[in-house]
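Biologist: I am new to this structure and would like a close look at one part of it, the strands and how they are arranged in sheets. Please take me through that step by step.

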Amino acid sequence: MKKIGIGCIKLFLVCIVMNYTMSCTNNLIYNQYQPIESSEWHKDSIINFTVNSVDTIAKNNLYVTLRNNKDYEFSNLFLIVGIKFPNNYQIVDTLEYEMTSPEGRYLGTGMTDIKENKLEYKTNVTFSLVGDYDISVQQAMRKTRDIEGLTALDGITDVGLQIEKLN
């Protein structure tokens with residue numbers, strides 16, 4: 001009788017995990033990556049994404065997603081992220097993200113040398129205009145005490161954009 005109870009509990013937990021996993025992916029309305037050639041992100045290389053919005057009511061969360069390898073040498077990451085609205089209005093933000101723990105371990109998910117990071121950009125966003133939203137991402141890293149930014153940022157293999165619809 002005890003084995004049946006433990007089996008039911010395990011089955012119940014598996015169902016909860018599966019439901020949670022499926023509910024997270026059902027809300028994904030955009031998920032696109034662009035590879036960085038030779039894992040060397042040039043300062044003038046702007047990564048662009050075009051999102052076509054037809055839902056002017058739903059709220060969404062926007063994330064910059066990226067993958068880095070062991071060649072990434074910094075504990076943080078500075079990005080310049082912009083949104084150009086269908087009416088040509090623009091918003092530009094300079095953002096900083098932590099890339100390592102205080103002990104120096106890479107943050108993100110992944111069991112190999114590649115770590116995937118999901119970096120929160122904007123929350124509760126409504127695309128109030130129908131049309132194309134152009135979202136751009138550019139690295140803005142520099143070494144301490146250097147005025148000039150890095151010409152190339154090593155260790156970033158892919159840059160992406162993910163949009164999740166809120167329930």
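Modeller: What follows describes two sheets, one after the other, with their order, edges and pairings. Keep in mind that the model is predicted.

Start with the sheet that contains β1. This sheet is open and has four strands, in the order β1-β10-β4-β7, and the pairing is antiparallel. At its edges are β1, covering residues 28-35, and β7, covering 115-126, and each of these pairs on one side only. On average, neighbouring strands here are turned by 15 degrees against each other, with direction ignored. For a pairing inside this sheet, look at β4, residues 59-68, which is joined to β7 by nine bridges in the antiparallel sense. L62 can serve as a landmark, as its bridge partner in β7 is K122.

In general, the strands of a sheet pair through backbone hydrogen bonds, and they do so in a parallel or an antiparallel way.

Now turn to the sheet that contains β3. Four strands in the order β3-β8-β5-β6 make up this open sheet, again with antiparallel pairing. β3 (47-53) and β6 (90-98) each have a single partner strand, so one side of each is left without a neighbour in the sheet, and these two stand at the edges. Neighbouring strands in this sheet are turned against each other by 20 degrees on average, direction ignored. The edge strand β3 runs antiparallel to β8, residues 131-139, and seven bridges join the two. To find this pairing in the structure, look for N48, which stands opposite S136 in β8.

Technical notes
Residues numbered from 1 in each chain as written. Predicted model: local features only at pLDDT ≥ 70, side-chain atom pairs only at ≥ 80, totals over all residues. Heavy atoms only, no water. Pairing = 2+ DSSP bridges. Axes fitted to C-alpha atoms, helices over the stretch in contact; angles between N-to-C directions.
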